[in-house]
Amino acid sequence: MITASSLTKQLRDLGLNQGDFVMLHASLRAIGRVLGGADQVHQAIMNAISPKGTLIMYVGCEPEYEAV
């Protein structure tokens with residue numbers, strides 16, 4: 001099981017640094033089982049880039065109706 005702290009370390013090892021600008025589009029299935037779920041993935045990234053960094057994420061949802 002992956003923890004937020006181990007994921008933060010892995011992200012830093014990959015080169016994510018404090019103050020970085022990051023766009024997130026991730027498959028939780030590809031990451032593996034994370035203790036605490038998706039919220040902990042988000043927290044790990046925030047920990048890696050610190051409050052000085054910027055995290056943006058795409059959020060999509062299917063429309064409830066079809067545009068005419």
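In this predicted model, S50 counts as buried, because its relative accessibility is 9% and values under 20% fall in the buried class. The residue lies in the loop between α3 and β2, and, when neighbours within four places in sequence are left aside, S50 is in contact with Q18 and G19. The backbone of S50 is also notable for its phi, which is near 65 degrees and therefore positive in a residue other than glycine. Most residues other than glycine have a negative phi.

A second loop residue, D20, is found between α1 and β1. With a relative accessible area of 24%, D20 is partly exposed, since the buried class is limited to values under 20%. Leaving aside neighbours within four places in sequence, the contacts of D20 are with G15, I49, G53 and T54. The C-alpha atoms of D20 and A48 are 8.8 Å apart in space, although these two residues are 28 residues apart in sequence.

The loop that holds D20 leads from α1 to β1, and strand β1, which covers residues 21-24, shows an alternation of its side chains. V22 and L24 point to one face and are buried, whereas F21 and M23 point to the other face and are not buried. Strand β1 is joined by 4 bridges to strand β2, residues 54-57, and the two strands run parallel. Within this pairing, V22 of β1 has L55 as its bridge partner in β2.

Beyond β1, the loop between this strand and α2, residues 28-31, contains A26. A relative accessible area of 44% places A26 among the partly exposed residues, because that class lies between the 20% limit for buried and the 50% limit for exposed residues. The C-alpha atom of A26 is separated by 12 Å from that of I56, a residue 30 residues apart from A26 along the chain.

The packing of two helices was examined next. Helix α1, residues 4-13, and helix α3, residues 38-49, have axes that come within 8 Å and cross at roughly 45 degrees. The two helices are therefore oblique to each other, and α1 passes α3 in a right-handed crossing. On the side of α1, the contact is made by A4, L7, T8, L11 and R12, and on the side of α3 by Q40, V41, A44, I45, N47 and A48. Sorted by class, the residues of this contact comprise 7 nonpolar, 3 polar and 1 charged.

One of the residues in this contact, A44, lies in helix α3 and is buried, with a relative accessible area of 0%. Not counting residues up to four places away in sequence, A44 touches A4, L7, T8 and L11, and these four are also among the residues through which α1 makes its contact with α3. By contrast with these contacts, the C-alpha atoms of A44 and L28 are 13 Å apart in space, with the two residues 16 residues apart in sequence.

Notes
Residues are numbered from 1 along each chain as its sequence is written. This is a predicted model: local features need pLDDT of at least 70, side-chain atom pairs count only at pLDDT 80 or more; totals for chains, interfaces and linings use all residues. Side-chain values use heavy atoms; hydrogens and water are left out. Axes are lines fitted to C-alpha atoms, for helices over the stretch in contact, and angles run from 0 to 180 degrees between N-to-C directions. Angles under 35 degrees count as roughly parallel, over 145 as roughly antiparallel, 65 to 115 as roughly perpendicular and the rest as oblique. A crossing is left-handed if the near helix is turned anticlockwise from the far one by less than a right angle, and right-handed if clockwise. Contact means heavy atoms within 4.5 Å. Ala, Val, Leu, Ile, Met, Phe, Trp, Tyr, Cys and Pro count as nonpolar, Asp, Glu, Lys and Arg as charged, and the others, Gly among them, as polar. Buried means under 20% relative accessible area, exposed over 50%, partly exposed in between (1.4 Å probe, protein chains only). Two strands pair if DSSP finds at least two bridges between them.
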